[in-house]
Amino acid sequence: MASSLSALPFSDRTFRKKPSSSNFFLRARAAAKEVHFNRDGSVTKKLQAGADMVAKLLGVTLGPKGRNVVLQNKYGPPKIVNDGETVLKEIELEDPLENVGVKLVRQAGAKTNDLAGDGSTTSIILAHGLITEGIKVVSAGTNPIQVARGIERTAKALVLELRSMSRKIVSYLVYMFTDMMTHVINWKRI
């Protein structure tokens, strides 16, 4: 069973807001932070359960045949969307550990959306796969630091390979346009 520890930076202190006012006090309270230790693996399972939930919910919106999702609003009519980023922003789970798993996967989607403008659902599905396989490998006894380094090296190698395979579209379009204009000019000379 996972042990938890609540930490309070400061408990309950009373401060005077204004020195001249004798009857107005400001009470400062700190919210407790829960620290969980993963001695038996239950914390990891809950984090993975949150990531699984996000992947399952967003997986239906993936691709051109993605399904619509109905989001309930606090006020007004519900929204019908098939955008993974919009659905991702609305996911909140009651269990705090599962919600941390949601937030971890949400970071991957948000970063992809910021950098590329699209593909947040795809990055979340990929992050879910990395989390699932990473937990399997670490539970089998592999060093987690080596797993992270391996993922980073593989990502760098994939980026280099994709860059070597890619073509610049702008230069290709310019080439096609100049080639077409050359034919048009030569045709008018005849």
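Helix 4 (residues 120-139) holds both Glu133 and Lys136, which sit three residues apart, about one turn of the helix. In this predicted model, the side chains of Glu133 and Lys136 meet in a salt bridge, with an N to O distance of 3.4 Å. Both partners can be placed by their accessibility: Glu133 is partly exposed at a relative accessible area of 43%, and Lys136 is likewise partly exposed, at 48%.

The pair in helix 4 belongs to a set of three salt bridges in the structure. Another of them joins Asp95 to Lys46, where the closest N and O atoms are 3.3 Å apart. Here the pair links distant parts of the chain, 49 residues apart: Lys46 belongs to helix 1 (residues 42-59), while Asp95 lies in the loop between helix 2 (84-90) and helix 3 (96-116). Asp95 has a relative accessibility of 22% and counts as partly exposed; Lys46 is partly exposed too, with a relative accessible area of 35%.

The loop between helix 2 and helix 3 also supplies Glu92, whose partner Arg106 is in helix 3; the two are 14 residues apart and again link distant parts of the chain. Their side chains meet in a salt bridge at 3.7 Å, N to O. The two ends of this bridge fall into separate accessibility classes. Arg106, at 18% relative accessibility, counts as buried, because the cut-off for that class is under 20%. Glu92, on the other hand, is exposed, with a relative accessible area of 51%.

Technical notes:
Residues numbered from 1 in each chain as written. Predicted model: local features only at pLDDT ≥ 70, side-chain atom pairs only at ≥ 80, totals over all residues. Heavy atoms only, no water. Salt bridge = Lys/Arg side-chain N within 4 Å of Asp/Glu carboxyl O. Helix = DSSP H or I, 4+ residues; strand = E, 2+ residues; numbered from the N terminus. Buried < 20%, exposed > 50% of the residue type's maximum accessible area, 1.4 Å probe, protein only.
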